[in-house]
Structures are given as structure tokens and as C-alpha cells.
Amino acid sequence: MNVNQSAPPVPPFGQPQPVYPGYHQSSYGGQPGSTAPPTHYGAYNGPVPGYQETLAPGVSRAPPSLGAPPATTAQTPCGQAAYGQFGQGDVQNGPSSTVQMQRLSGSQPFGSAPLAPVVSQPTVLQPYGPLPTSSQVTAQLAGMQISGAMAPAPPTLGLGYGPPTSLASASGSFPNSGLYGSYSQGQAPPLSQTQGHPGAQPPQRSAPPQASSFTPPASGGPRMPSMSGPLLPGQGFGGPPVSQPNHVSSPPPQVLPPGTQMTGPPGPPPPMHSSQQPGYQLQQNGSFGPGRGPQPNYGSPYPGAPTFGSQPGPPQPLPPKRLDPDAIPSPQLNELPPQQKTRHRIDPDAIPSPIQVIEDDRNNRGSEPFVTGVRGQVPPLVTTNFLVKDQGNASPRYIRCTSYNIPCTSDMAKQAQVPLAAVIKPLARLPPEEASPYVVDHGESGPLRCNRCKAYMCPFMQFIEGGRRFQCCFCSCINDVPPQYFQHLDHTGKRVDAYDRPELSLGSYEFLATVDYCKNNKFPSPPAFIFMIDVSYNAIRSGLVRLLCEELKSLLDCLPREGRAEESAIRVGFVTYNKVLHFYNVKSSLAQPQMMVVSDVADMFVPLLDGFLVNVNESRAVITSLLDQIPEMFADTRETETVFAPVIQAGMEALKAAECAGKLFLFHTSLPIAEAPGKLKNRDDRKLINTDKEKTLFQPQTGAYQTLAKECVAQGCCVDLFLFPNQYVDVATLCVVPQLTGGSVYKYACFQVENDQERFLSDLRRDVQKVVGFDAVMRVRTSTGIRAVDFFGAFYMSNTTDVELAGLDGDKTVTVEFKHDDRLNEESGALLQCALLYTSCAGQRRLRIHNLALNCCTQLADLYRNCETDTLINYMAKFAYRGVLNSPVKTVRDALITQCAQILACYRKNCASPSSAGQLILPECMKLLPVYLNCVLKSDVLQPGAEVTTDDRAYVRQLVTSMDVAETNVFFYPRLLPLTKSPIESTTEPPAVRASEERLSDGDIYLLENGLNLFLWVGASVQQGVVQSLFSVSSFSQITSGLSILPVLDNPLSKKVRGLVDSLRAQRSRYMKLIVVKQEDKLEMLFKHFLVEDKSLSGGASYVDFLCHMHKEIRQLLS
Amino acid sequence: MATYLEFIQQNEERDGVRFSWNVWPSSRLEATRMVVPLACLLTPLRERPDLPPVQYEPVLCSRPTCKAILNPLCQVDYRAKLWACNFCFQRNQFPPAYTGISEVNQPAELMPQFSTIEYVIQRGPQSPLIFLYVVDTCLEEDDLQALKESLQMSLSLLPPDALVGLITFGRMVQVHELSCEGISKSFVFRGTKDLTAKQIQDMLGLTTPAMPMQQARPQEHPFVSSRFLQPIQKIDMNLTDLLGELQRDPWPVTQGKRPLRSTGVALSIAVGLLEGTFPNTGARIMLFTGGPPTQGPGMVVGDELKVPIRSWHDIEKDNARFMKKATKHYEMLANRAATNGHCIDIYACALDQTGLLEMKCCANLTGGHMVMGDSFNTSLFKQTFQRIFSKDFNGNFRMAFGATLEVKTSRELKIAGAVGPCVSLNVKGPCVSENELGVGGTSQWKICGLDPTSTLGIYFEVVNQHNAPIPQGGRGAIQFVTQYQHSSTQRRIRVTTVARNWADAQSHLRHIEAAFDQEAAAVLMARLGVFRAESEEGPDVLRWLDRQLIRLFMFHLRRSPFLQVFNNSPDESSYYRHHFARQDLTQSLIMIQPILYSYSFHGPPEPVLLDSSSILADRILLMDTFFQIVIYLGETIAQWRKAGYQDMPEYENFKHLLQAPLDDAQEILQARFPMPRYINTEHGGSQARFLLSKVNPSQTHNNLYTWGQETGAPILTDDVSLQVFMDHLKKLAVSSAC
């Protein structure tokens, strides 16, 4: 995409660079440190406010300029200079767009093109700048602008999208064709650009420094406003030079190679682009950074527009020009040759690109650790690899918030409609570089807590009176410090031992719980795992039982253990079942296991105590013998009926009898129709879809499972369910218990050993080995003013505050929504404390505490500048997915759209500088909200296609409920990775492309993953050599469609692709089965389902259409 | 008299029948006046080595309401090949097979010496013997070990084709599947839940709806399909191992609690299992339990140790809260088992009570054994258990199953009822009286488990009116038809036909008197008494008995544990009564009036009075109460023995004297089932109480004049002595003579 765009800039490129300096200087001026800039800089600095103001006018002017965008296009050639300005303008406007612009300047013209329009709009919005800490993100959509364009706009509308209102459809259709056209052209340009680059390289180098200089500020400034806050002054700016060098040195070299390669490839534009992008990105980062950065910088003062003002000046002229020629579609137009632009369609490249945003964040924030010391910092995106240093707030791996700056009043919150939610993953796994939370042992007295609100000691507690008392940061209650905990305060009022005590200096830590925190006032015994295996006909025939038993033999050695313990404390037990249950006595003293059949399924009980739950090592011989015999014993079974509820009941009773918590692993194949409690009937009815009764498909058939789940929770019995259905099994009902007990559900439709073995075994291994906390209770405390009001996830709640989790593993996430119940104080901010009381896998009772401090604001702009779209989507998806239980799906969808529109409208109304109503202006932080929201709306649960089964929907619904932010992110917007564009030697993941069919080249191979599925798409005209080296067949036609395993071949490409597949799998909590899809093949339909930017077969809107629709909604709200 | 005595003995030996009256009063009025009812003790399967069974089927009277069997009392017209039924006077044709008969060529059943005859039925499937062990695992380790050994031993005694099954229980009930290789498999049931037969069969997978089509053909061996009952030859090793691995119930028993024992459910499942697999086939459920049922249906006492198990006192005070419910449960089971021809044995070994009172009906109604001991680790249990598998002269087990006893009478008589290990089959008929004595209202009874000594008391009523005299020389006839499954798996029918003379009580009173069988009458009356004692208040029964009888043994009967519950736990009473209601006459008499033999240098051993005066210093006494055998050394003898005279060659006669009672006791022990408690004690020994509690307390601390005399030993008791009893009785008899 960028590539395409890049083309236009190319020519300017050479110039742009020069421009840049100026640009930079102007915007960052001082920072870059470039000689010239400083002057500007200084000017800027001083002026900032003034700037903005001045800009504002410019903004106001901008609208007219809207028309201008075309002008920008016109400018493009000469625009470089303008770019510079634009760049700034961009910054203000839509960071992204601007970013692109800058990139363009740096490398990709593309950005610029869209930017141009954006810019014009942005200019209007841009004002932010000033605050380095707070970054405002205003994303303006060029296309939108067009539509929204003023009076002059109308024509534009007519041109491209027509009226925004009608836009959706119109744009949809138009854009596509138009876009495509433009693309092709765009591609061509890239070539030139690429060429230009090589030529330009030298300048680039020179540029890079600049860019880098920019970048740093940009990065520092825009994205990480908070970061920049602290950093910028010292590091940020000073840093920039430093970083620049770094950048320069590292990036440029890298860049260059790519560049060189690029140059090599020049022939094929696409590769060039891709390669360039990465390479450039580095540079771009810089540029991008600035782009974004600027915005943030500018951001604070919306009025900041004035800043642009000066810059805008140039743009303005442009717009008019553009208007005339190309009408509104400026963004695209910008990039595209003027002629193309004339088509009026919204250029998909001009609308905010998730890929771009992710890349930018990676480049900007991936390099330095995220230090949690400062309150209210927005962490890097979940897609970015970064390290965390805990300096008093919980790592974003544990807690992410929709916004890190909370409105002080509920009125504000209501106005903004931005949900205040935290996505908490209390037992999240950390990368090896980060230390897991310290365990603090306060001995018999137990952890120190506030007497009133019971909050645990944390870094935010204020010690007063020389350390004799402390004031609770949550409820302000003043408590005595127990003598054994007393410590003197230093001159700043801090305890002298603050840094010696994790609970006084860290955001996350653990307490050893005393016996008061244990059930029945008794320390818990180590938990147990019970494997419960369906041995009905289906399970035997599919080979599942044999496979599973074989695997368990070795898997039992890998039970989770605490720390460096030599042997897992977990005991295991085995049950098989069909219509009746078979328990096994595997006591070590027995020569042979003993089977005990319980057929009284109506009134389940555990037939044995001694010998059911055993230590693996002690009973190994008996267990092995048992696992050998199970498949044999049932080899001739004809029993097809199964029970389900009694199985769970049995496991739960077993744990109860053993007086421990634990986990049940259920391997189940069919709808439980045997006469027993929890018996189900087949109620699958596709006719209900899109009716008011559709919700019943998601609801359990019977209340029995809820009751059962409740008992399980009380016993600390977590249930993990592995389903192997050949037909409808009513996942909605079967999942109730796993869902409420904090368990996981895995589903393998039509399981066959040959095809699904690896996936199942991999999931099983991971599931068995993962560290779990048992019998947990989680409570989220907040400082006065807000309150946790709603919870989403896999757990049970018997009251309104305690989240009860029979089991909690490192993948499970709880999303918590907050509401105001009072005014917040800007100074003191808002505090969250999540306390999780759980039993470790060795049976130790512990409390894990996570603390997070957030800022509070009185200006809505601050809110919008500190949001995290990914988290927002996580919350909204969960909210919607729960909604389908009670409301018709359509209602849920509409509510989502409305809320989203309200959020954006509020921003537009209160934060964006005035501009044409025809402009779609998005906050920088939320510029991806529409695209992501569209993905949520199109998801199987909310808009099922014909091929999606009721079970699938229920399954997905259940999965999403406990996903963390990273998982929802990739789940809703899959990653699409081109495989042959980047050099084979490169070890990094190839840069992703947007999930749209348009982005697929039939000469390439792509990997697509969404955390659950993994496709390898092979273009029809992919090189024969590639086919040969990857599939070991001679031509495209010989590739087996639906292949799930790539042949192991000894060539670089094969190794690389397989390596990439492995690494993708390693990133996800579930094993993704690979499916090879050939272009034009039947399976491609399946694949296309995941190209979420396109129109979906089930009626889901394309990104562009949806954006138009969203724009329309916003406009309606505004008017 | 001698002739009558011989007659009685002869009849008993040949037919296993003893009547209270051997000449019958000819009218209802006279019969009523004679107080002791016309009744008989019948030992249906009395061992008859001299009676080979005939290999054909009996000939039946063709009248549908009669169906009496051809017998020596029938009039036969050899020419016409007709015979007249002596009960209904129907004339019947002989079947074709009998064409060759004549006066000189009679079939066995027409010969007078074959008044008792046994037929072997060739039709129908032969059922194997079935033994279902129901084993309590809530035992002490050594107890369980002993029991396991006994059980393993018993496997070797069973015929190879016998089917065996195993159910163990404690807190849960496990039904072991014996057929599988490798993993031993069992079905487990909750011990607290009462299940219907259908549920049990469903849960055990005995009702396989998919199978009936295939199952239809191999119908000849329907039982082979059961996984839970397998031929011993197939699973001998397996079962032996399984028994060997049997563990104590693993569920923890906390301090102050009884182990949870699900006897009720275990039995219920055993009954249900057999019901589903082998209905109407002889089978034996053998329950081994070491304590009272403490949970679920049939629970007798809670698991709190501080609440003791019910005593007679509690029962009288209506304070035994579980008793009624539990009894009902076991009665229901017993009836179900009886309906299907299965018998239930109870082997209860514990120091405390085990709930025999509640469970007694299981054994009583199905003809099962009841054995009570202190521990499974005693020879009493071990040998008793072994004796169950003893064999007769033909090498067959001394047990029979699924028997039906049918009684037919001539018109002057009606059947009032039966007392014994049987249940009514509720077959009404013209010969069934409306007045019930014992289990009445029927002419047929089911006796699920029989052995050669099983004896029933059968009571009749003379219905002939006074004004319709029976012609002189007329005889009344009774036919007993016992169909049963022989231990050789054959089905057999034993027919006993007896006749007695009628006599007019007014004119032939002396005849009737002479033909009175005092022993039989005593036992029969005692049975009635015990039967009533089971269902009525103790004192009422005693009063009834007092009114009915005035004889010597009455004194002992009154003091016996069958009627007197003082000093006995409810379980013990049940146990004693159980045996009293099924043993034959001789044994019953011993139970009522224990036998006391005296050994001394003064002469050969002699029976002596069961009186305290018989307890002398220079005697050795041997008392047999059926349940106990006591050898008691007099004071002097004991001193001698202590001095070691028996080891001195010159006192070898003393050694012999000591040995004599031991030998005699051994002889009794050999034959007795169940094994009596064998007690060897001496003067002043604590165990001497067994003797002292039985003897007539003619000398107590109250008759001071005998105090200190050397004759006899004083008994410390408030019981009246026979002398006092007699004096009182005489007074009463005279005063009420009006």
C-alpha cells in the first residue's frame, strides 16, 4: 500500500529530503538539532501555543483547503516542500496520514499522497502538538474529507464517494475499481521511487539522520507522549541525536541493504516496496514518528492548528488546486497521479492502516523498555515487542486499560462514551527477561492491609507521622503501621526501606497468604489433575483414545511444578466414560489397575478414595499399564451414547473427597443424549438466525450446568474441555462449566488422527503444562470515585465484587469495566489494585497484587489522547458477545456502531478543531477503531456466514470472552504475511500487509493467521521454483489443496517458511493448524473469510464502506 | 406304648414326619379340646440313602383342583388301568407308559414302603449352582484376612461348573465383573441409595436392549451372558487373586464413628442382580458381615459410636428408630429373593450386634443359613462355613434350592399353616383353613434353601363336624409334594404320603392319648410360641403358652432364649429363633431342654437332671444346648487336673475320664450345623456361667437350708426353681380346673 503511495513521492523524494530538514526543523526544529532547524525550532517552542492558535485559523481555512487536497496532489511533484509543511500539518491532522507523508518523503511517497488530503484535514485538527506527553491522535480520512467536503466538497462527493451518507455503498463500489486502478499506477511509481531512492540514498543517509532525528522526537513525542514527557527532555531530544545515530547506523545500513536489494528487484515493484518499507520504515519511523509525534506534540493544543497555520499556508494553496482537478478523493489522489485521482474513490491506502500503525509502534517503541514508573503512560501496542521495567505500576502484560487518562467526572465520561475498562491478566506469563513477581512473606501476621477497604499495601500508600501510620490511597483511611512493619521515613516522606520491599516499590508482587486466607482455615493440599476420557464408539473409532493414552504416558512427566521443584506436586487421576463412568484405582501397590464402574449417573459419586489420585512417579507402572489397556478394553465398544454433566460432577466430587482443588481434562465427542442429568437434545436450528430467538442458540439448554458449575467453583474445580464433535454437540451448553470455572475449551471438528493429531497434541501439551492458579478469588479495588461495575471473562461471580475462578492460567483474561460514582481528582489520579488470591500448583496459598495508577483529566482531549484502541476493541467485543445472550444480534451490532459513532462524534465535537462536516476526523489513538470495529461486527458471532455452524459461533463466543488484548487484536484483524517479498536471509518476520484481497499478488505466497487459523495462500502464478522448493511438486496445479503439513525440504525457502509457521504458532496460545489454499480453489472461500477489509459473503461491509457509514453516523450525531 | 414309639420312629425315618397326634380326633370339637393342635414336623429332604430316586415323572390326578400324586394309598383297578385319587376320589386313567402294570408288577409309587418317593424331572434346563458372595470390607485386618482365606478355600469346594459372583461393600458397594482379563473391573454403587431392581439391572448393563434379537437363539444358556456370575473353572485364578487383593474399605473412619457399611444396598444389589440374571433358578447369596449396617436403606444404627445399637429395652420403649424401616427393607428383599427362588445366608461375625434382628427375615424367609460368631478368625466360623459345603453319600452338596412344598389333605382336614424357613405362595384351595397357625392361608410354600435337616412345622385343623362321624377304621391322608432343585442341578420332586387313623375322642380317648407324641408336640408348640413371639409381645406369648401347656419342658422353654429376651441381645434372640424354627425334632428338643451328661468314676457316663444339684465336685459335666457345648470340671476334678494326675501313668484312668467328654463333644461338633460354641471350663471358671445359667436353680442363695452343703452348686439367681414353678402350677391347675 505504502508502496503504491510511495510512487508519487519518489520524484519529490530527492527534494523532500531537503524539505525535511526544513520540515523537521520547523516542527521539531530544535530537536533535530540540525543547524537550520534550530531556529525554527526555537520559534516553535516559544510559539507553540501561539502556533496552535495560528494554526487553528489555518485549520479553519483548511476546510476550504479540503478542496485543496487535490491541490496537494498537484503539489505532489512540487509538494515536497509542501510536504515538509504537510508533514507538520500531517502531524497535526492525522498522524498516520502525515506519517505516511513523511515516510513518503523519507521513502514512501505514498504516505504523502494520502497525507495530502489528510493533511489538509489534519491541519484543521492538528492543533495538538504541544504536549509531548500527551499525544493526540487525529486521524483524518482523506476520503472522508472528500465526502464531507464543504460546499466545494459536494462536487467532490459527487466525484468520489458522493455524499458521505451514500458513501458507504457508493464508495464501496467505486473505490475498489478506482483504487485498483490507482494501485497499478501506484505501483509503477514505486519503481520510479525505488529507483529514485537508490539514487537518493546518499541523500537518504543524510536524510536518515534527519529522519532519525525526527523520528526520535516523533516517536518520543507522538506516540509516547508520556514517554516523551520524561524522556524527551533528556533523552528524547538529546536522545534523538543519540538515537539518531543509532537509527542511522542501524536502520540506514539495514535500510540500505533493502534498498540495494530493492534496487536489485526494481524490476518487480512489489518486492521493492515491501523491502523498502521495512528498510524505510526505520527511516520512516523517524519520519513517521515525527508525523505522529508532531501530532501529539502539537496535539495538546488543538487550537494548535495555528502551528500548522504557518505550514498550512502552503497546503492551503494546494487544496484549492486539488479540489479543482480531482475533487475530493485527495488522499488517494495525492498519491495517485492526478488522472487517477479523478476517479473519486476512496483510496484504501488513504484510510488508516492497521499495518502501518503496528509497524510504526514497533519501530518507535520496540527498542526501549517500557518503564512503568510514571502514572498514566500509554504502553506500546500489544503487537510490539518490548520489555517492561516495573517501577511501581503493573506491567501492561498484566493490565491494559482502554484509557490511561480517566475523565474526572461521570458527565465527561458519559459524553465521551469511551468505556473505561481494564483488561487484566493476573497470571500472565512474562518473557524470560522479565522477573516474575517477588513473593513477599509477612509471616503469621499476613499481608498488611487497609483496615477499612482492605486494600493491600502498595507503593501508593502514604506513610505519615514519621512512618507510624499510613493513609490508604484507595479510601483515605488512616491506619496504624504495626510495630514489626515500622520504618522511618526519609526527607521526602518515603520509607527508607521502600526499595527493599516489593510491595512498596513495585507494581506487581505476591504475598504468601496465611491460613486465614484458606478455605476452612486449613492450608490447601496440592491440586490434582483428573483426565476424563470419552470412550464411546466415536472416540475409539477416530483413534482419539489411543492417541491420547499414548501421549499421556509421556505428558504426565511434564505437569506444572513450582519454581525449580524437582517433581510436580500435582496428583493425577483417570476416568473413562460413555454412558457410565469408569474410575481407575492406580495405587502404586497394585499390580494392575482396577476399574470401577459407576452407572448411577443420576446421582454421581466417587467410588474410591485411596488410589484414585496418585503421584505420577510412585504409580508410574500402574498408570502406564492402565493407559496401555484403555484403548484395548474399549476397542470393541458399541456404545454411542455419552453423558456429560455426571462426568464433571464425578471429577468435582473426587476433588471434594480428596479435599483439594484441581483441574479436570475432559475429552468429549458427542452430544450427551444418554439418560442422565444434563442430558441434551439437538436443538440446532439455523432458521433462528437473524430472529429474536437467535439468542437462544447461545444460551445453555438447561440450567443444570450452571448449578454444576457453581459447585465446581466452590470446590476449586476447573474444567478444561476438549471437544471432538462430528456433528452438533451444543457447545453453548457444554461450555458453561468450563466457562464459569475458568477453564479452556478446545474444539476439533471431525477429528481424525492423521490430520489433527499435531494440533490436538500440541494444545494438550500446552494445556497440561501451563501454570495454573487454583481456587482463586480476584478482587479489583479502586480509589474513591470509580468503581468496578462489570466483569467479562471465564469465571463465576456470586456477588458483585468477587471474581471467583476455580482455575486461572496465564492465558485467561478478565476484563473489568469501571464507572464513576464520584468525582476524581486530577492530582491524585485514579488507582486500581487487582488482588488475586489463589493456590499455586504446589498447593501454596498466595496473593498476587497488581497496582496501576491512571491519570485523570478535565479535558476530553486528554482522554482521547491516552486511549488504546486494541483494549477498547477487546472490551467492546466482549461486551457485544455477552450481549448476544440476551438481545437479538442486530441490536447488539447497532449498539456497537452507535457507541463507536458517539465516541468519535464526541471527539470531533469537543477536541477536533472546527472543520468541514464532511471531514471524518479520528483521534490518533482511535484511528483504527472503525476498521477493528468493523471486524468485530463481521465476526462469526455477530454476522454468521452460511458455513458457520451454531457450535462454531458458540465456541468463538466463548473463546473471545477470556482473550487478552493481543489475542483479540489478531483474532479480529488477522495478520497477512507475504512470504517471498522479503529476502530469504532475513530472519525477521516479513512485514504484514492489509487483510484485503487487493493486497494479494498472484505471484506470491502468503501466510494468514488470526490466532486460531493459519492459511498458506498460494498465488496462481507463483514462480515454479518457489512451488518446487516449498511443496516439492513441479507446478502450481500439483499442489494439494488443503494440505496441512509442509514437506520438510532442505532449501532456504522451505526452511524459512516452516520456521515462520513455527514461530507464529509459538506466539499463540493455541496451535494453529496450517491449511494450504490455492488461488481460485474451493478452499479459497474459507481463506477470504479472513480478509477482513473486504466485503464479506455474509454481508459484512468492507472497510471503506464501513468507514463511510461510520462517517455518516458521526455526521448525524453532530448535526 | 412301645409300639407307638416304634411306629413313630419308623415313620420318622421313612417319611421324615412326626405328628403330635398319631391317631386323630374325628371332629373339630374334640380336636379343639385337646389343646395341642394336630400338626406335624416335616423334614422334606430327610436324607434317605436307601431311597434311589426314580427317573420318571409322577402321575397326577387329573382333577385340576387336586393334582395329587399317585401313591400307595390310592385304590387301583389294574384291569381297567384306573386309579382313584385318595384325596378327591377322582378316577384317573393311567398314562400309556403304565399299560404293563398289574398286582405283581407295580410301579414303585404304589408300593407301601415307598410312601416317600423321589422323582427326577428330565425336562427343562439344568441350572448350575449359583453362589453370590456379598462381602463386607469394613473389617479389622486380620478378620478380613481370615474371611478372605475362608472364601478362597470355599472356591476349591465348589463344583467346577458352579457360577460364582462377588459383591463387596463398605461405604460403597462394588459388583465385581469376573470375566475380564488384565484390569479387574467392578461396578460401584452408592451405599446410601435404594435402587429398584430395574435400576440395578440397567446400571449393571443386564438389560441390553440391543441384544435381544441375538440373544433369542442361545436362550438355552441365558445365564452365560452374565459377566458377574462366571463358572468357577473359568475364573478360579482370577477370583482367587481378586479376593487376595481385597482391601479394607479405604474410606477414613474418624474417631468415634462406626465405619459406613452399606449392607442394605449390597443385599439389594445382590438380589437385583440374581433377579435379573437367574430368575426362578436356585441361587445362594452369602452375606458376610462384620458389623451393623450404618447407612442407606436397611441401616440399623447410625455411625456415631456414642449411640449404641438398639437393645430389647429400646425396642420395648419404641426407641429403635431405624428398626422398622430396616426390617421393612430386608423383608422386601427377602420376599423378592424368595419369589425368585434365591436364598440368602447371613454370616455375621462381630462382638457386638450386627443387625440380625432386622436382617433375620432374609434367612428365615428364604431358607438361608444364619451364622453368628465373634470373629471370622475363629474356628466356629471357619468350620461352620466349611460345613456348608459338606457332601452327602452321593457326593452331592447337602443343599437344595428353590423348593416348593405343596400339602394336600383329605377332606376332613384343612391346612392351618406352617412354621419354618418358608414363605407362602398364596395358593388357596379347598384344603386351606381360614384359621391360620404360622404362615397360613395357603397350601403351598416356597423354601428357597433346604438342607436335609430343614424341618417345618405344619399345622392342621380337623374340620369334620361332630355330627358327621367318620366310619370306624377310616383314615385321614396327607400328601407332601416337594419340588426342588437338587444340588446336582437336577429338578426333583419328593412325594410323601401319610395316613393316620381317625378315632372318636369320646370312645377312644385312650387310643388317642397313647398315640400322642410328646416330643413332637413340644417342639410344635414351641415353634408356634416362637412364631408368635416374633410378632407379639413377649409376656403375652408366655401367658398363651402357659395356658396351652403344662409340662416339664415348659419350664425350660419359658426360660429359653427363644421366648425370653432377658440377657440376650435382639440379634441373639433372632439367631436362636432362626435355628429353632428350622432344625429337626431332636435338635429342637436339645435347644429347649439342654442335655446334661455326667462323667465320673462311679460308672459310665449318664444323663443327669439339668439341675444345680447335678453340679458335683467329682463329676465332669458335658452340656449340649445346641448353640453351646460346655465341658465343666467339678471342683475336685479340676484340682486333680491341676495337680497333673492325668500325666501320671498310675492315674491313667483319670486321663481317660478327662478325655471321655472331649471325645463325645467332638462327636457332636462333627455333626452339628452351625458349629456350637465350644467351651471348656471348670468349677469357678468364668465360662462356667454358660452352664449355671441353664440348670434348674434348685439351690440358690435363697434356700438357706441347702447353703453350704456339698451336694450341687448354688446358683445366684432370682429365677424360680422348677420346684417352685411346679408348686405354683399345681395350685393353678387345681384352682382353674372348674
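In this predicted model, residues 58-98 of chain B contain 0% helix and 22% strand, with the end C-alpha atoms sitting 11 Å apart. That stretch is the one that UniProt, in an unreviewed entry, labels "domain: Zinc finger Sec23/Sec24-type".

Over in chain A, another unreviewed UniProt annotation, "domain: Sec23/Sec24 helical", takes in residues 869-968. Here the make-up comes out at 63% helix and 4% strand, and the C-alpha atoms at the two ends of the span are 11 Å from each other.

Next come the internal voids. Rolling a water-sized probe over the atoms is a way to show where empty space remains. Searching the whole structure this way turns up 13 cavities of 30 Å³ or more. The second largest of them holds about 210 Å³ of space.

What lines this second largest cavity? A set of 19 residues does the job, and those nearest the centre are Leu959(A), Met963(A), Glu967(A), Ser1069(A) and Arg1070(A). Two helices of chain A, H35 (950-961) and H36 (965-972), each put at least two residues into the lining. H36(A) gives the largest share, with three residues. As for chemistry, the lining of the second largest cavity is a mixed bag: six nonpolar residues, seven polar ones and six charged ones.

Terms used: Residues are numbered from 1 along each chain as its sequence is written. Chains are lettered from A and ligands numbered from 1 in the order in which they are written. This is a predicted model: local features need pLDDT of at least 70, side-chain atom pairs count only at pLDDT 80 or more; totals for chains, interfaces and linings use all residues. Side-chain values use heavy atoms; hydrogens and water are left out. UniProt positions are given in the numbering used here, feature names are shortened, and annotations may be inferred rather than shown by experiment. On a 1 Å grid over the protein atoms alone, a cavity is a set of points where a 1.4 Å probe fits but cannot get out, and a pocket is an open set with protein on both sides within 12 Å along at least five of seven lines; lining residues have an atom within 4 Å of a point. Grid points are joined across faces, edges and corners, and a volume is the space filled by probe spheres set on the points. Ala, Val, Leu, Ile, Met, Phe, Trp, Tyr, Cys and Pro count as nonpolar, Asp, Glu, Lys and Arg as charged, and the others, Gly among them, as polar.
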